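Trainee: Could you pick one part of this model and take me through it closely, step by step? I'd like to know what surrounds it, and then how to carry the same way of reading to other parts.

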Amino acid sequence: MTVLVTGGAGYIGSHTVHALVDAGENVVVIDNLSTGFSSSLPRSVPLFIGDAGDENLIESVIAQHRVESIIHFAGSVVVPDSMRDPLGYYRNNTMATRSLLNSAVKGGVSRFIFSSTAAVYGNPDQVPVPEHAPTRPMSPYGSSKLMTEIMLHDTASAHDMKYVVLRYFNVAGADPNGRCGLSTIGATHLLKIAVEAATGQRAKVEVYGTDYPTPDGSCIRDFIHVSDLAQAHHAAVSYLRGGGSPITLNCGYGRGYSVLETIEAVRRVSMRNFAVQYASRRPGDIMTMVADTSRIRSVLDWTPQYDNLETIAGHALTWEKKLFSERGGLPQRAESA
Ligand SMILES: NC(=O)c1ccc[n+]([C@@H]2O[C@H](COP(=O)([O-])OP(=O)(O)OC[C@H]3O[C@@H](n4cnc5c(N)ncnc54)[C@H](O)[C@@H]3O)[C@@H](O)[C@H]2O)c1
Ligand SMILES: O=c1ccn([C@@H]2O[C@H](COP(=O)(O)OP(=O)(O)O[C@H]3O[C@H](CO)[C@H](O)[C@H](O)[C@H]3O)[C@@H](O)[C@H]2O)c(=O)[nH]1
């Protein structure tokens, strides 16, 4: 019996594929390599280069590999891009998932794990944010994920399907064994920007807003190590195999660090005093986003291993150094370009 991972060549997907293979699972990946890299995958894992919304492809993979669970990462992930191209985001995130779910129902796949996001909450009324908090996405990206959550819920109610929706907070770090990390071209994530500065690829890090009503004036985020998040996916598969009911779970550590604290952590672990420039607020930013993690900790058999900001920063830095040296200092190109 096999776990099908869509988007498995991407950042979070590749860490999850390694975690599943490490645990002895049979895995097959579908990825169109629009932002992913086949080199991030273990050689033993079959990769089908194609679209997660291609029903013919999905149905043949489900039948050929006797797929029993699907973990669905494939999608478009850049919030500002979703503002410029909402219909593209609804197509690649919502419509492609509709096709994938149709294939899953037809193929008799009864377990589905979905990558959602804290962006579905929008500006939270209370922090830490529990799963029952109101959902008020502030971007087409967040809306496309929330629509998919609703579609998954309705599909599972009508068919023999159980699901886990995982709402990720701020994902960061890299595989401690150096097998994969964040290789995305032009990534805008804070920790990625900071390790690029620490390796001399950028002159400075800008801090978007130091006038928020927080202790040091910068925004606060709940960073989760990507390898702990990968383990949460395996735990979610086990939960459903054990008969678990459909559920939505926040994925974070339940602890917030400010933007300035995060940059300081990168400066400390890299021992590089790169320049930091205070800039104006970034439109659409939420001030404080921290997960209430009581549900994931009680429901899943999941014990985080890397709940430490310096550890996360250190692993991100090690991966960035590796990427930079492999490229010989050249800009990176998409594999599908
Ligand atoms: N990185 C984060 O902080 C974060 C936070 C919340 C949620 N998420 C969600 O996690 C998932 C993975 O994100 P990531 O950070 O690893 O991004 P990523 O861009 O590295 O991974 C996405 C992968 O999906 C593939 N892909 C995209 N559209 C596809 C399609 N139609 N068919 C087949 N493959 C396709 C890409 O080639 C890539 O390998 C996404 O669904 C994203 O919305 C990410
Ligand atoms: O160069 C930078 C980059 C970021 N930031 C700040 O750092 C914080 C984190 O920003 P990121 O862009 O790293 O992450 P976001 O919190 O904006 O968004 C991330 O987490 C969200 C969930 O909370 C969604 O999942 C989204 O897809 C994912 O990118 C924000 O206050 C941002 O203004 C800076 O100050 N300078």
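Mentor: Happy to! Let's begin with a term we'll need: two residues are in contact if their C-beta atoms, placed from the backbone, lie within 7 Å. Please keep in mind that this is a predicted model.

The part I'd pick is helix α2, which covers residues 55–65. Which of its residues are buried? They are Ile58, Val61 and Ile62. Viewed down the axis of α2, these buried residues fall within an arc of 100°, so they line one face of the helix. The spacing makes sense if you recall that an α-helix has 3.6 residues a turn, so residues three or four places apart point the same way. On the face turned away from the buried side, α2 carries the exposed residues Asn56, Ala63 and Gln64.

What does the buried side pack against? Its partners are the strands β1 (2–6), β2 (26–31), β3 (47–49) and β4 (67–72), together with the helix α4 (86–107).

Now let's follow the chain out of the helix. α2 is followed by Arg66, which lies in the loop between α2 and β4. Have a look at its backbone: phi of Arg66 is near 50°, a positive value in a residue other than glycine. Is Arg66 buried or exposed? A residue counts as exposed if 12 or fewer other C-beta atoms lie within 10 Å of its own. Arg66 has 12 such neighbours, so it counts as exposed.

Next comes Val67, in strand β4. Here the picture changes: Val67 has 23 other C-beta atoms within 10 Å, and is therefore buried. Setting aside neighbours within four places in sequence, Val67 touches Val61 and Ile62, two of the buried residues of α2. The other contacts of Val67 are Thr2, Leu4, Gly107 and Val109. You can also follow Val67 towards Ala104: the two are 37 residues apart in sequence, yet 9.1 Å apart in space from C-alpha to C-alpha.

With α2 in hand, let's try the same reading on helix α8 (259–270). Its 12 residues reach 17 Å from the first C-alpha to the last, close to the 16 Å expected at 1.5 Å a residue. The buried residues of α8 are Val259, Thr262, Ile263, Ala265, Val266, Val269 and Ser270. They cover an arc of only 155° around the axis, which puts them on the same side of α8. Among the elements covering them are α6, β8, β12, β13 (275–279) and α10.

The exit from α8 will remind you of Arg66. Met271 follows α8 and lies in the loop between α8 and β13. Met271 is not a glycine, but its phi is positive, about 55°. Met271 has 7 other C-beta atoms within 10 Å, so it is exposed.

Since α10 (309–326) is part of the cover over α8, it deserves a visit too. At 1.5 Å a residue, its 18 residues should span 26 Å, and its end C-alpha atoms are 26 Å apart, which agrees. Its buried residues include Leu309, Ile312, Trp319 and Glu320. Their cover includes α8, as well as β7 (170–172), α6, β10 (223–225) and β12. After α10 comes Gly328, again with a positive phi, near 60°.

You'll have noticed β12 in the cover of both helices. β12 belongs to an open, mixed sheet of three strands in the order β12-β9-β14. β12 (257–258) and β14 (288–289) stand at the edges with a single partner strand each, so one side of each has no neighbour in the sheet. β9 (220–221) pairs with β12 in the antiparallel sense over two bridges, and Ile220 stands opposite Ser258 in β12.

Finally, the ligands. Strand β2, one of the partners of α2, supplies at least two residues of the shell around ligand 1, and α4 does so too. That shell has 29 residues, with Gly7, Gly10, Tyr11, Gly36 and Ala74 the closest. It divides into 12 nonpolar, 15 polar and two charged residues. Ligand 2 has 22 residues around it, of which 14 are nonpolar, four polar and four charged. β8, from the cover of α8, gives the most to the shell around ligand 2, with four residues.

Methods: Residues numbered from 1 in each chain as written. Chains lettered and ligands numbered in written order. Predicted model: local features only at pLDDT ≥ 70, side-chain atom pairs only at ≥ 80, totals over all residues. Near = placed C-beta within 6 Å. Nonpolar A, V, L, I, M, F, W, Y, C, P; charged D, E, K, R; others polar. Buried ≥ 20, exposed ≤ 12 C-beta atoms within 10 Å, placed from the backbone. Arc of directions from axis to C-beta. Pairing = 2+ DSSP bridges. Expected span 1.5 Å × (residues − 1).
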